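Hello,

Here is the structure I promised to pass on to you. My notes on it follow below, so do open it next to this email as you read.

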Amino acid sequence: MAAMTTVPSYSPSLWVRMCHALPRLDLTMQMRENIFVPDSWEYQQTLLVLSSLSAIALVLSLLVVLSFLIHYCCCHRGDRSEGSEDEEEDEDGSTGHGYSGKKGRGICCVTWVAVAAVTLCCVAIGIGFYGNSEANDGMYQLTSSLLTANYTLASIDLLISDTITGLQLSVSGPLITLEELFTGSKPFLVSARNCRRLSENMINLLSSISLARSSIDAGLGNDSSVSGASIIPLTPVPPSVAPTMVPTGGLMPSPFSPGWAANTLMVNEDYRWLSYVLLLLLDLIVCLFILLGLAKQARWLLILMTVLAWLALFLSWGSLGLETATVVALSDFCSDPNTFILNSTHFNSGTSSDVLDYYLTCSRRMNSPFQQLLTQSQRALSSIHTHLSSLDRNALPQFPKAEKSLRDVQQILNSTEGNFHQLVALLNCRGLNKDYIDSLKGLCYDGMEGLLYLCLYSFLSALAFTAILCSLPGAWRSFPSESEEYEDSDSESEDPFTSHQDSKRFLQWQPWL
């Protein structure tokens, strides 16, 4: 946690600290550290152990449902004999078909348990929709920050290449021409050579600036074919328009590319969001049709929903295990992200740790690792301007043919200086550090909260479907069979004002019949 105190505007949330404090056990039941090392097999074992808790809960749910099914199957015969005696007693005191006594109370209890379980499932579905939306918002903020950072890095690359190209054009074209024109005048020839050497020195300085950028060959590989062309200040396109090169392979590129990460996360997030929406809709359909089946007393519909409820039960416990491992791993990362990034070979393979630490912490007490290079480049630009001004004042009256070449060098130098000032502003840590903080907030605040709500949804829906599977067999067994419905229809076709026993007494009272 000490590393996070140096990162402004970010601190791990309470949920991150709580999940990070959970004990970690490997497959041998030994305690392990909660340091985020996803490539380590020991760390992966701790996540597997945490995920296996949902598998244990699934086994317990299956045992509970199985015990209720055994209860319904074994005790159904006894219930039939007792129910027949109760029906004989009820026929003497009732005027129509219906349930009363112990059987009626049992049917009512089972039905209300099923309704309560369906209600709990609907509450869980609402929580799931909210959690899915929160997780999607967090991933959107993360990918947006990565695309902005990728835009900044691409702008730095293009500015460096554009500046180097302009200096190379000045060295290979107008400055060589000036040296040839000033061959007869040693002071002017020395000034022209100094401009060329300073330009070459600045090219070497800018070429040494690297943020682990991918090779952008625009302008660098076409030096010989653009001689004499004018260089204009570079205006990079925004991240929403600029194309992002995505590797064809599924492996992470080296060095790390924010654009590649953003595209990969967006694709995976789309699939994740759609999968949860389909799962939530499945749960909702099951719940609604269970209520419809209970209301209509449709036995075939409840049997079909029971099969789907089994599927939903397995999916709920399975998603809970996956969400638990994801939440714990995310809390380990969010508790100290700087340490993981600085120690990861994916991030520091093409960038020094000093450069990474500068942009991750962006402390006022830290100097830019490019400060010396930029200062020397700025001095070189100032010296070139001084020499060109001296040549403009003193050499042009004596060598009027040098005016065109001198104006070309000045135009290239002005454009180069504009690009250089943009480069100095982009190399400052504040822009990239803001993108880094925004990505952490999206992932560790909204993303973490959304995953926790999804965990709650999975747990509540698993409990609800367990209760549904325990109560539905008793509910649809208590529905009247086809023979009972046929008897009910016959009794309803008789005189509603007289019962069957009254008609028998009337016939016995008439002696002439």
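To start with the charged side chains: with which residue does Asp26 form a salt bridge? The partner is Arg32, and the closest N and O atoms of the two are 2.9 Å apart. Please keep in mind as you read on that this is a predicted model.

Asp26 counts as buried, at 2% relative accessibility, while Arg32, at 28%, counts as partly exposed. There is a little more to this spot: Asp26, Arg32 and Glu42 are joined into one network by salt bridges that share partners.

**Other salt bridges**

Searching the whole structure turns up 10 salt bridges, and two others are worth a look on your screen. One of them pairs Glu179 with Arg196, whose closest N and O atoms are 2.5 Å apart. Glu179 sits in helix 4 (residues 174-181) and Arg196 in helix 5 (residues 186-207), so this pair ties together parts that are 17 residues apart in sequence. Glu179 is buried, with a relative accessible area of 12%, and Arg196 at 18% counts as buried too. The cut-off for buried is under 20%.

The other is a salt bridge within a helix. The side chains of Arg272 and Glu269 meet at 2.7 Å, N to O. These two residues are 3 apart in helix 6 (residues 258-296), which puts about one helical turn between them. Both Arg272 and Glu269 are buried.

**Disulfides**

Now to the cysteines. How many disulfides does the count come to? The answer is 2.

In one, Cys334 is bonded to Cys444, with the sulfur atoms 1.9 Å apart. The pair links distant parts of the chain: Cys334 belongs to helix 7 (residues 299-335) and Cys444 to helix 13 (residues 429-477), 110 residues apart. Is this disulfide left-handed or right-handed? The torsion about the S-S bond is about -85 degrees, so the disulfide of Cys334 and Cys444 is left-handed. Cys334 and Cys444 are both buried.

The other disulfide joins Cys362 to Cys429, with an S to S distance of 2.1 Å. Cys362 is found in the loop between helix 10 (353-361) and helix 11 (371-394), and Cys429 in helix 13, so this pair ties together parts that are 67 residues apart in sequence. Here the torsion about the S-S bond is about 65 degrees, so the disulfide of Cys362 and Cys429 is right-handed. Both of these cysteines, Cys362 and Cys429, are buried.

If you count the bonded cysteines along the chain, the disulfides follow the pattern 1-4, 2-3. Cys122, by contrast, is in no disulfide. What is the nearest cysteine sulfur to Cys122, and how far away is it? It is that of Cys287, 4.5 Å away; a disulfide would need the sulfur atoms within 2.5 Å, so this pair does not qualify. Cys122 counts as partly exposed at 29% relative accessibility, whereas Cys287 at 0% counts as buried.

**The protein as a whole**

Stepping back, the protein has 15 helices and 0 strands. Of its 513 residues, 41% are buried. Among contacts between residues at least 6 apart in sequence, 81% join residues at least 24 apart. The accessible surface comes to about 27900 Å², and carbon and sulfur atoms account for 61% of that.

**Where to be careful**

One last point, on confidence. The average pLDDT for the protein is 78, and 74% of the residues score at least 70. Which stretches have a pLDDT below 50? Residues 87-102 are one of them; beyond near neighbours in sequence, that stretch has 11 contacts in the model. Another is residues 488-500, with 1 contact beyond near neighbours in sequence.

I hope this helps you find your way around. Do write back with any questions.

Best wishes

Conventions:
Residues numbered from 1 in each chain as written. Predicted model: local features only at pLDDT ≥ 70, side-chain atom pairs only at ≥ 80, totals over all residues. Heavy atoms only, no water. Helix = DSSP H or I, 4+ residues; strand = E, 2+ residues; numbered from the N terminus. Buried < 20%, exposed > 50% of the residue type's maximum accessible area, 1.4 Å probe, protein only. pLDDT = per-residue confidence, 0-100. Contact = heavy atoms within 4.5 Å. Areas by Shrake-Rupley, 256 points an atom, 1.4 Å probe, with all protein chains shown as cover. Salt bridge = Lys/Arg side-chain N within 4 Å of Asp/Glu carboxyl O.
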